[in-house]
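This report describes how helices and strands are arranged in one protein chain. Please examine the sequence and the structure before reading on.

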Amino acid sequence: MTKKPKVAIYWLGACGGCDEAIVDLNEVLLQVASAVDIVLWPLAMDQKYHSIEELPDGSITLSIIHGNVRNTEHEEMARLLRAKSNLVLAFGTCACFGGTTGLANFCGKESIMQWVYRDAPTVENPKKQSPQPKTTVGGESLTLPELLDHVYSLNQVIPVDYYLPGCPPPPDLIGHAIFAVLEGKLPPRSAVLAPQKALCETCPRNNNKPPRIDITGIKRVYEVEVDSHVCFLTEGVICMGPATRGGCGETCLRINTPCRGCFGPVEGVEDAGAKFLSAFASLVKATTDEQVQVIMEKFHDPAGCLYRFTQPTSTLGKRSKVRETV
Amino acid sequence: MQPYEPKIVCFSCCFGWGYLTGRDVLSVRIKNWIPVICSGKLDSTHLLKAFKEGADGVLILGCPDGDCHFQDGNYQTRKKVHLLHKILSSYGIDPRRLRMELGTDPDGDTITKLIENLARELRQLGPIRVDGMQVETTDRADSRG
């Protein structure tokens, strides 16, 4: 009988990129695998849910959960793993803040279903069929998880102990987080296991930033080729760096792409989008309504841009399922 | 049934609005009135939080055009308000619920009138539901891009 700490790695509403990031630990993964007993990892291993259900409560040392909570299966598994685990790590942007698919909250469930199964120009659905939670086929009843009315971040459904943002989180922070658990060197609960400051603090382009940025026109990335040492905002390209937590390794910036905000808000801030909006507005050089209008009309879909990764945890998007069921 | 009475939060600049009348006097007269040192001091977070906490409308009163005590605080907030209108719309909240007026009224007598003007419009719109669902908004195709 093994006495190694038990670890579960599970995906909810996720693309699989976070699992890929764990695999990208390469040799470090072998160290992890020899130090722990992985009891659940659907991407890599073949364990069944009932084996988790049979474990005593609190017997899993760490559950690494990525993805958001979008359907009843996600919710059920999140609650099961919470009950069986000592620590839950919200892994990746979707688990921490809802992620890109959280933008679905701007449309509402019914509208999405109608578009996907009825209205989209590529849809041919003469029988007007759409997925049902229960269907009878040949006398057998088949079930599907049902979409929830909203996309939730993990902590809106179950209590979360630690957070590791990133789309996906970088290998150095993943390794650091896992070994911190194994060695018992964790910060206080609810901490984000990433640097506290904004991305601009470590951005190499920051050194060449002028003392004052005046944005006279907003440009999209395909409209301008920004020099690799120039701050995107000076060129009018929207870069979420000022309001986004650093620690990602500046991977986007190094391939000349502005920050989109996947690391979420900096320490002490809840709504990164609102903070960025204030910061960005102060850089726009305009006084009259007309000037503001002319410049801002090139800011396409501000809500989608500012809350690209954080809609479910934004000020107006925030909802909790915890209270409804506990 | 009681007629619907919208809840309005009013942020007003101390240097343009009501500075000759005691703050204690005005705050009795005006419900949910929050004087601020400069309208530019208002962060987007404050304005969104007002809606989150149940406001049906928010009114911002700033200094007149070109006459901000801190040079351009009113212009800074004008830019925020412009973007916030689009943000609110995406959340299904009618942008008319957030209004900014530039001007000056040392006695603060017109503040209640301006609030009533907004309230009249909000009564037409009805109560707000901030739950992430589209309830009163306009063109949804926009957000599909």
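In which sense, and over how many bridges, do strand β1 and β2 of chain A pair? In this predicted model, β1(A), residues 6-11, and β2(A) pair in the parallel sense over three bridges. Within this pairing, A8(A) stands opposite L40(A) of β2(A).

Both strands belong to an open sheet of five strands in chain A, ordered β2-β1-β3-β5-β9, and the pairing is parallel. In general, the strands of a sheet pair through backbone hydrogen bonds, either parallel or antiparallel. At the edges of this sheet stand β2 and β9 of chain A; each has a single partner strand, so one side of each is left without a neighbour in the sheet. On average, neighbouring strands are turned by 25° against each other, direction ignored.

Helix α4 of chain A (residues 72-84) packs on the sheet and touches β1, β2, β3 and β5 of chain A. The direction of α4(A) makes about 135° with that of β5(A).

A contact between two helices of chain A is also present: α2(A) and α7(A) pack at an angle of about 20°, with their axes 11 Å apart. The two helices are therefore roughly parallel to each other, and α2(A) passes α7(A) in a left-handed crossing. The residues that meet are listed below.

| Helix | Range | Residues in the contact |
|---|---|---|
| α2(A) | residues 27-35 | V28(A), Q31(A), V32(A), A35(A) |
| α7(A) | residues 171-182 | I178(A), F179(A), L182(A) |

The residues of this contact of α2(A) with α7(A) divide into six nonpolar, one polar and no charged.

How values were computed: Residues numbered from 1 in each chain as written. Chains lettered and ligands numbered in written order. Predicted model: local features only at pLDDT ≥ 70, side-chain atom pairs only at ≥ 80, totals over all residues. Heavy atoms only, no water. Axes fitted to C-alpha atoms, helices over the stretch in contact; angles between N-to-C directions. Helix = DSSP H or I, 4+ residues; strand = E, 2+ residues; numbered from the N terminus. Parallel < 35°, antiparallel > 145°, perpendicular 65-115°, else oblique. Left-handed = near helix turned anticlockwise from the far one by under 90°. Contact = heavy atoms within 4.5 Å. Nonpolar A, V, L, I, M, F, W, Y, C, P; charged D, E, K, R; others polar. Pairing = 2+ DSSP bridges.
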